[in-house]
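Open your viewer and get the selection box ready. We'll go from the whole fold to a few single residues.

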Amino acid sequence: MAKAEHRFGQRDGSDQNFDYMFKLLIIGNSSVGKTSFLFRYADDSFSNSFVSTVGIDFKVKTVYRNDKRVKLQIWDTAGQERYRTITTAYYRGAMGFILMYDITNEESFNAVQDWATQIKTYSWDNAQVILVGNKCDMDDERVVPVEKGKHLADQLGFEYYEASAKENINVRQVFERLVDIICVKMSERVDADPSMVTGAKTTRLNDNPPQLPQNCC
C-alpha cells in the first residue's frame with residue numbers, strides 16, 4: 001500500500017529520499033485518456049490499446065525543484081460510476097487534480113461540472129485544479145471548441161490546457177504548472193522552506209538533479 005500522504009507535502013521523517021510529497025489525482029469520465037496521460041508523463045510511453053482502469057492505481061515520480069526533491073504520488077482513477085465511491089475516498093489529502101475530458105466526446109465535457117462538484121465536496125479547500133482537454137491531436141474529430149473549454153475553466157476558476165498523450169503535447173507542462181500552483185499555495189499558507197517556494201511562479205520543474213545541465217525547449 002502506498003505511504004500515507006502528509007498535509008502540505010511535508011517531509012516524512014522516516015523517509016529521507018524526498019523533501020516534499022505531493023499527492024495528485026487525475027479524474028474524469030472513462031476513456032478520456034487519464035491512464036495514457038499518466039504513462040506518458042511517468043514513463044514517456046504510449047499505447048493505442050485501451051484497458052479501462054479498475055478502481056484506482058498510481059505511479060510515483062520524483063522531480064527536482066530549487067534544490068529540493070519532490071516526490072509526486074499520481075493517482076489514476078477509474079471514470080466509471082460503479083467505482084465512484086472508491087475513487088472519491090482518495091480525494092482527501094490530494095493537493096492537486098487534473099480534471100480531464102476528451103475534446104472529441106461532448107458527454108465527457110458535460111460531466112466536468114459534476115467532477116468539479118465532487119472535488120469541492122470530497123477534497124480539502126485548498127486543492128488546486130487544472131482542466132485538461134485531452135486528445136487535441138484529433139482535431140478533425142473535435143466536438144468541443146477550445147473557446148468552450150476555456151470558458152468553462154474560467155467559470156470554475158481553473159487553469160486550462162489542451163493536451164495529447166499520444167503526441168506528447170502539454171503533458172509535462174500540465175504537471176509542471178500544477179506543481180507550481182501548489183508550491184505557491186504552500187508559500188502563502190505555511191511557513192514552508194523558502195528555498196522550496198522561492199520563484200515558484202516562474203521556475204520550471206525539472207526531472208534532472210539541479211547540478212546537471214538542463215536542456216532548453
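What follows is a tour in stops, each with something to select and a note on what is there.

**Before you click**

This is a predicted model, so local features need pLDDT of at least 70 and side-chain atom pairs count only at pLDDT 80 or more, while totals for chains, interfaces and linings use all residues. Residues are numbered from 1 along each chain as its sequence is written, and side-chain values use heavy atoms, with hydrogens and water left out.

**Stop 1: the whole protein**

Show everything as a cartoon. You have 7 helices and 6 strands to find; helices (H or I, at least four residues) and strands (E, at least two) are DSSP runs, numbered from the N terminus. Trace the chain from the N terminus and the elements go β-α-β-β-α-β-α-α-β-α-β-α-α.

Now switch on the surface. About 10900 Å² of the protein is accessible, and carbon and sulfur atoms account for 46% of that (Shrake-Rupley method, 1.4 Å probe; for residues, only the protein chains shown count as cover). Of the 217 residues, 50% count as buried. Buried means under 20% relative accessible area, exposed over 50%, and partly exposed in between (1.4 Å probe, protein chains only).

Contacts are worth a look too (heavy atoms within 4.5 Å). Among those between residues at least 6 apart in sequence, 71% join residues at least 24 apart.

**Stop 2: strand S4**

Select residues 96-102, which make up strand S4. How many of the residues of S4 are buried? The count is 7 of 7, so S4 is largely enclosed by the rest of the structure. In a regular strand the side chains alternate between the two faces of the sheet. Here Gly96, Ile98, Met100 and Asp102 lie on one side, with Phe97, Leu99 and Tyr101 on the other, and both faces are covered.

**Stop 3: the neighbours of S4**

Add residues 20-28, strand S1: S1 and S4 run parallel and are joined by 5 bridges. Strands pair if DSSP finds at least two bridges between them. Isoleucine 26 has isoleucine 98 of S4 as its bridge partner.

Next, add residues 128-134, strand S5, which pairs with S4 in the parallel sense over 7 bridges. Look for isoleucine 98 opposite isoleucine 130, and for methionine 100 with its bridge partner valine 132.

**Stop 4: from S5 to S6**

Stay on S5, where 7 of the 7 residues are buried. One face carries Gln128, Ile130, Val132 and Asn134, and the other Val129, Leu131 and Gly133. Now add residues 159-162: this is strand S6, parallel to S5 and joined to S5 by 4 bridges. Valine 132 stands opposite tyrosine 161 there. The chain gets from S5 to S6 through H5 in a right-handed β-α-β crossover (with the strands pointing away from the viewer, the path from the first strand over the helix to the second runs clockwise).

**Stop 5: aspartate 154**

Select helix H5, residues 146-156, and pick out aspartate 154. Is aspartate 154 buried or exposed? Aspartate 154 is exposed, because its relative accessible area is 62%. Draw a distance to leucine 131, 23 residues apart along the chain: the C-alpha atoms are separated by 9.8 Å.

**Stop 6: two cysteines**

Finish with cysteine 136, buried at 18% relative accessible area, and cysteine 183, buried at 0%. The whole structure has 0 disulfides (pairs of cysteine sulfur atoms within 2.5 Å).
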